[in-house]
Amino acid sequence: FFLTIRRPPSSTLDRSSAASDVYKRQIYYCIISGVALLYISFNANFYIPIVNLVLSYFFLKYGKRELVGWGLMVESLTLTSFFHLHSLYTNYGNWDMNITQPLMVQVIHFSFIGWDYVDGKPDTDDKKKRAKAIIELPNFIEYLAAGLCPTQVLAGPSGHYTDFLNYIYRRAEYAEDVNTWLPALQRFLTGSCWIVIYALIVNYFPYSLFYSPEFYDNTFLYRTFYFLVIGLGVKSRYYTSFKLVEASVILSGQAYDGIDEKTKLPKHNKLYMIDILCTELGVFLRSIIEEWNRPVHLWLKECIHQRIKGSSVLRIFVAFMFSAIWHGFYPLYFGSFLFYSVGTVNFNFIYKMFIKHKFLRNPIFYVLQSIFMNISANYFTVLFGMLLIEKIMIFSKGLIWIPALHGILFIIVLVIDKKDSNIKLENYKFAHMKVYYALKDDKA
């Protein structure tokens, strides 16, 4: 299915008409293959996302333009929430792939379309928003093709509607002929490696052992080692799915983002799911959140955080609560995202306290903080997969020391380190990012 929407060579396109047969074929490929994927995956329920897609178009067409941003988001999130509650009732405590999966993708897709349509009004002055704005009401067939595109309909990533049209009609950077096989193969092999790691860990380190009180009779070192391995196993499952999704998007050509000015090589990062390097070596929570499930982060940032009026604290809290509802209604989700919101709010406050300490610019600190952050990330990743409070309580009692790691590190900094009064805060506001970006940019 992913191969059917690969772009034909530019030499075959009729540039004089946006309605040439080759363009129409690409659009209909998207619709037919998207419907087929939904039917194969969800059988009798396959029609629900399709009906929701059609209804969203009429909401876009007949709704008040300045309200469609919030309107489409709330409508799609409400429908998704209904099926989350249904899944909670019928399959409590377990996770399976059901109709909520494409509906969750639609929440993000509709949010971007709704806000891009709002930004298409003549009175929008923000140049960045205008660059992706939808000026006129989308064509119905094109709208269906964007919503049913097979590389996005099941698991995302969802991008901007204008990028999809540029992709279909070979405009802007998509007009270039680029070989997508090698970068797609790279993502596919990466995903395949992670699924092997996942299979090995699941086979030799049973997840269910965490729920046994006898497990916590083992030594501290054994429990910690076991927990770290399980944490890697849980993350490897996500890494596998994220990289396979990236492979399909790159192969189709939708992820192409022009030529890198430094390397002179094609970039394929317009649509991507995760930066594994950052999630494993990230120094602080903020950088990890930004690069884990990138489409969801962009949705929270561009469609909620930047659209709410009020204090920064309020906007961060509301954005994370939207994310909790989007994931489902287990108490764990709300607790986790409340923790993330508090961590994000405290980020700048903590750095204003500690930024003038010399040790924070010492490589040893970055190494220690990266290790501590990885341990904490594993802790919350394992918790996230447990769902049920009774399981979480058993697990947390045995490893309750982990969330305290960062407090211990900063206390050490306060006690043994001295401030440098000559350092200006604005010069080091985001100093925590320099190690990660140094791996990507030799000018960092």
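Q: Is the crossing of helix 2 and helix 3 left-handed or right-handed?
A: This is a predicted model, in which local features need pLDDT of at least 70, side-chain atom pairs count only at pLDDT 80 or more, and totals for chains, interfaces and linings use all residues. Residues are numbered from 1 along each chain as its sequence is written, and side-chain values use heavy atoms, without hydrogens and water. With helices taken as DSSP runs (H or I, at least four residues) numbered from the N terminus, and a crossing called right-handed if the near helix is turned clockwise from the far one by less than a right angle, the crossing of helix 2 and helix 3 is right-handed.

Q: At what angle do helix 2 and helix 3 pack?
A: The axes, lines fitted to C-alpha atoms over the stretch in contact, with angles from 0 to 180 degrees between N-to-C directions, lie 10 Å apart for helix 2 (residues 47–62) and helix 3 (residues 68–90), and the angle is about 160°. Helix 2 is therefore roughly antiparallel (over 145 degrees) to helix 3, at that angle of about 160°.

Q: Which helix supplies the largest share of the largest nonpolar core?
A: Such a core is a set of buried (under 20% relative accessible area, 1.4 Å probe, protein chains only) Ala, Val, Leu, Ile, Met, Phe, Trp, Tyr and Cys residues joined through side-chain atoms within 4.5 Å. Of its 54 residues, Phe164, Trp299, Ile304 and Trp326 touch the most other members. Among the helices that each supply at least two residues are helix 1 (21–42) and helix 13 (312–327), but the largest share, 10 residues, comes from helix 4.

Technical notes: Parallel < 35°, antiparallel > 145°, perpendicular 65-115°, else oblique. Buried < 20%, exposed > 50% of the residue type's maximum accessible area, 1.4 Å probe, protein only.
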